[in-house]
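This note is intended for a colleague who is meeting the structure for the first time. The numbered points below may be read alongside the sequence and the model.

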Amino acid sequence: MEELMARGRQEGLSKGRTEERRHNILRMLSKGKSTAEIADLLDIPLHEVESLARGKSA
């Protein structure tokens, strides 16, 4: 039971980090930052930023 709770907690934290990163990317895009700048600033793959940027405008 303890192991299941720990796993659930980890999954929740991971989901929260993913949502926060998504929020930050969208906010930077709305402020006029380029996808390359965002990828560099957040140290994440460019394709991840570009994918989110395409989804935002769709």
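1. The model is a predicted one. A convenient place to begin is the end of helix 1, which is followed by glycine 32. The phi of glycine 32 is positive, near 95°.

2. Helix 1 itself comprises 29 residues, numbered 2-30. From its first C-alpha to its last, helix 1 reaches 42 Å, close to the 42 Å expected at 1.5 Å a residue.

3. The packing of two helices is described by the angle between their axes and the distance between those axes. For helix 1 and helix 2, the latter spanning residues 35-42, the angle is about 140° and the axes are 10 Å apart. Helix 1 and helix 2 are therefore oblique to each other, since oblique is the class left for angles that are not under 35 degrees, not over 145 and not from 65 to 115. Their crossing is right-handed.

4. Which residues form the contact between helix 1 and helix 2? Helix 1 contributes Ile25, Met28 and Leu29, and these meet Thr35, Ile38 and Leu42 of helix 2. By class, this contact has five nonpolar residues, one polar residue and no charged ones. As general background, an α-helix has 3.6 residues a turn, so residues three or four places apart point the same way.

5. Helix 3 covers residues 46-57 and includes leucine 52. Is leucine 52 buried or exposed? Its relative accessible area is 18%, and leucine 52 is therefore classed as buried, the cut-off being under 20%. Leaving aside residues up to four places away in sequence, leucine 52 touches Arg22, Ile25 and Leu26. Leucine 52 and arginine 22 lie 30 residues apart in sequence, yet their C-alpha atoms are 7.7 Å apart in space.

6. Aspartate 43 deserves a separate remark. It is placed in the loop between helix 2 and helix 3. Most residues other than glycine have a negative phi. Aspartate 43, although not a glycine, has a positive phi of about 55°. With a relative accessible area of 70%, aspartate 43 is exposed, because the cut-off for that class is over 50%.

7. Glutamate 19 belongs to helix 1. Its relative accessibility is 43%, and glutamate 19 therefore counts as partly exposed. Glutamate 19 and leucine 42 are 23 residues apart along the chain, and their C-alpha atoms are separated by 14 Å. Leucine 42 is also one of the helix 2 residues in the contact with helix 1.

How values were computed
Residues are numbered from 1 along each chain as its sequence is written. This is a predicted model: local features need pLDDT of at least 70, side-chain atom pairs count only at pLDDT 80 or more; totals for chains, interfaces and linings use all residues. Side-chain values use heavy atoms; hydrogens and water are left out. Axes are lines fitted to C-alpha atoms, for helices over the stretch in contact, and angles run from 0 to 180 degrees between N-to-C directions. Helices (H or I, at least four residues) and strands (E, at least two) are DSSP runs, numbered from the N terminus. A crossing is left-handed if the near helix is turned anticlockwise from the far one by less than a right angle, and right-handed if clockwise. Contact means heavy atoms within 4.5 Å. Ala, Val, Leu, Ile, Met, Phe, Trp, Tyr, Cys and Pro count as nonpolar, Asp, Glu, Lys and Arg as charged, and the others, Gly among them, as polar. The expected span of a helix is 1.5 Å times one less than its number of residues. Buried means under 20% relative accessible area, exposed over 50%, partly exposed in between (1.4 Å probe, protein chains only).
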